[in-house]
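Trainee: I am new to this structure and would like a close look at a single part. Please take me through the empty spaces inside it, and then through the elements around them.

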Amino acid sequence: MPRQQLSPAQARRVALAAQGFGRPVDAAVRPGARQLNSLVDRLGLLQIDSVNVFERSHYLPAFARLGSYDRATLDRLTFAPRGRYVEYWAHEAAIVPVSTWPLFRFRMHDHESKWRGDASSWLSTSPRMERWLLDEIRDKGPLPASLVEADAAVFPRPDRTGPWWGWGDVKRGLESLFRTGALVSAGRRRFERVYALPEQVLPADVLAVDVDRHESHRRLVAHAARAFGVATTSDLADYFRLKSADVVPALRELHDEGVVEPVVVPGWGPTAWLHRDARVPRALESDAVLSPFDPVVWHRPRAERLFGFHYRIEIYTPREKRIHGYYVLPVLQGDQLVGRVDLKSDRRAGVLRVQSAWRERDLAVDVDLLAATLRRAAGWQGLTSIEVEDRGDLAGALRPAVAGPVEATGAPDADGAPDAPDA
């Protein structure tokens, strides 16, 4: 039975402190590699998403917690071949520490087993191309899909149906082999994933690690518990997209070891689990805009439980049916999500466009603090002004607060990828 109780406010502060929030961002300090490595190690992963209307998602958690850092530094750390990080499907597609990669072998084996047993899957229907793809990368070294496709003209493939979903057979094959672990990521070129054989990228000692399914789950659940601070079983399962049937015995073992303890949070319903390293701040200072794929909000039931914040990303909702906007970022102040802003980096005009701005329920919004956050965001993006459109119940108050030129502190986005359509 739970021996401890946390108030909902205490639970919020525990969760945010565990995620690296709690101190105001110092605009005069430029975080470097040490701070970025420490943050990624704390979170355990950075989720990747292709939408570039404001900024790609994997850059945003560090900006929210550390302030204006050099994105090129994060690129060097996360996308370097034989570096400290590698990509895999950890939550969704994500950057993870190389040392974590072996913990997902169970998932690679699951994909392999499922697809080999499915007569209609790519792995079952394309053995000749599978051998060719592996030989191509073995002979030529790490390659992006575009270069592999250029060499694959001897194989018939359907015409592309569009720039977003029209993958050819080569891309499907590379992604299938990536999920099974036969291929790994060797970084990215202009945001295009580069594929490699594991031995071309990963250290021999990492490749030699053999972790069974239960131990993998125990370690992953332990990391999720530490990264969340306090969480329900479903929260912990979602962090690395694990099955509850595997999480429950792992939690039981972690409880026996004293890593987590059950606690009651009024209004949460299910018993929560508090990590032994979690701290309960009396107060918490923070000001940030959060990526839709930030761990604080990516599990929508948890966001509602922690903050009373009903959040649905509307990228795929027709424009006329959107409630808050296209790429809406929650506004964090203190220990509450107090609003939402729909942001677009107009890189050609040098303008951060606030396409809508909304208050959250009856919570107080420090408009000047939000204005400072947005000015910091604009400068980090290499933009020189902010324009607030007349949409949302916070827009009128925010517009005069952000008026005036912005000092650009970062380089404009230069990865060459277009913004998503219909932004």
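Mentor: The largest cavity has a volume of about 50 Å³. The model is a predicted one. A search of the whole structure turns up 2 cavities of 30 Å³ or more.

Look at the walls of the largest cavity. Its lining includes Thr 78, Phe 79, Ala 80, Pro 81 and Arg 82. Tyr 85, Val 86 and Glu 87 also line the largest cavity. So do Ser 185, Ala 186, Gly 187 and Val 201. By class, this lining holds 7 nonpolar, 3 polar and 2 charged residues. Two strands matter for the next step: β3 (85-89) and β6 (184-189) each supply at least two residues of the lining of the largest cavity.

Follow β3 first. Strands of a sheet pair through backbone hydrogen bonds, either parallel or antiparallel. β3 belongs to an open sheet of 3 strands, in the order β2-β4-β3, with antiparallel pairing. β2 (46-47) and β3 are at the edges with a single partner strand each, so each has one side without a neighbour in the sheet. The partner of β3 is β4 (residues 93-97), and 5 bridges join the two antiparallel strands. Pick out Tyr 88: its bridge partner in β4 is Ala 94. A helix covers this sheet too. α2 lies across β2, β3 and β4, and runs at about 30° to β3.

Now follow β6. This strand sits in another open sheet of 3 strands, ordered β5-β7-β6 and paired antiparallel. β5 (143-144) and β6 are the edge strands, and each pairs on one side only. Between β6 and β7 (residues 192-196) there are 4 bridges, and the two strands run antiparallel. One pair to find is Arg 189 with its bridge partner in β7, Glu 192. Here the helix is α9, which lies across β6 and β7 at about 65° to β7.

α9 also has a helix partner. Two packed helices are described by the angle between their axes and the distance between the axes. For α7 (residues 127-140) and α9 (residues 169-180), the angle is about 75° and the axes are 10 Å apart. The two helices are therefore roughly perpendicular to each other. On the α7 side, the contact is made by Met 129, Glu 130, Leu 133, Leu 134 and Ile 137. On the α9 side, it is made by Asp 169, Val 170, Gly 173, Leu 174 and Leu 177. By class, the contact of α7 with α9 has 7 nonpolar, 1 polar and 2 charged residues.

Next comes the second largest cavity. Its volume is about 40 Å³. Ala 15, Leu 16, Gln 19 and Phe 228 are among the residues that line it. Pro 295, Val 296, Arg 302, Leu 306 and Phe 307 line the second largest cavity as well. Both α1 and α15 (300-307) supply at least two residues of this lining. The largest share, 3 residues, comes from α15. Sorted by class, the lining of the second largest cavity has 7 nonpolar, 1 polar and 1 charged residues.

α1 leads us on to a pocket. The second largest pocket has a volume of about 820 Å³. It is lined by 31 residues. Nearest its centre lie Gly 20, Arg 23, Arg 42, Arg 65 and Leu 66. At least two residues of the lining come from each of α1 (8-18), α2 (33-43), α3 (60-66), α12 (213-228) and β11 (287-289). α2 gives the most, with 5 residues. By class, the lining of the second largest pocket divides into 14 nonpolar, 7 polar and 10 charged residues.

Two links are worth tracing again on the model. α2 lies across β2, β3 and β4, and α2 also gives the most to the lining of the second largest pocket. α1 supplies residues to the lining of the second largest cavity and to that of the second largest pocket.

Note on methods
Residues are numbered from 1 along each chain as its sequence is written. This is a predicted model: local features need pLDDT of at least 70, side-chain atom pairs count only at pLDDT 80 or more; totals for chains, interfaces and linings use all residues. Side-chain values use heavy atoms; hydrogens and water are left out. On a 1 Å grid over the protein atoms alone, a cavity is a set of points where a 1.4 Å probe fits but cannot get out, and a pocket is an open set with protein on both sides within 12 Å along at least five of seven lines; lining residues have an atom within 4 Å of a point. Grid points are joined across faces, edges and corners, and a volume is the space filled by probe spheres set on the points. Ala, Val, Leu, Ile, Met, Phe, Trp, Tyr, Cys and Pro count as nonpolar, Asp, Glu, Lys and Arg as charged, and the others, Gly among them, as polar. Axes are lines fitted to C-alpha atoms, for helices over the stretch in contact, and angles run from 0 to 180 degrees between N-to-C directions. Angles under 35 degrees count as roughly parallel, over 145 as roughly antiparallel, 65 to 115 as roughly perpendicular and the rest as oblique. Contact means heavy atoms within 4.5 Å. Two strands pair if DSSP finds at least two bridges between them.
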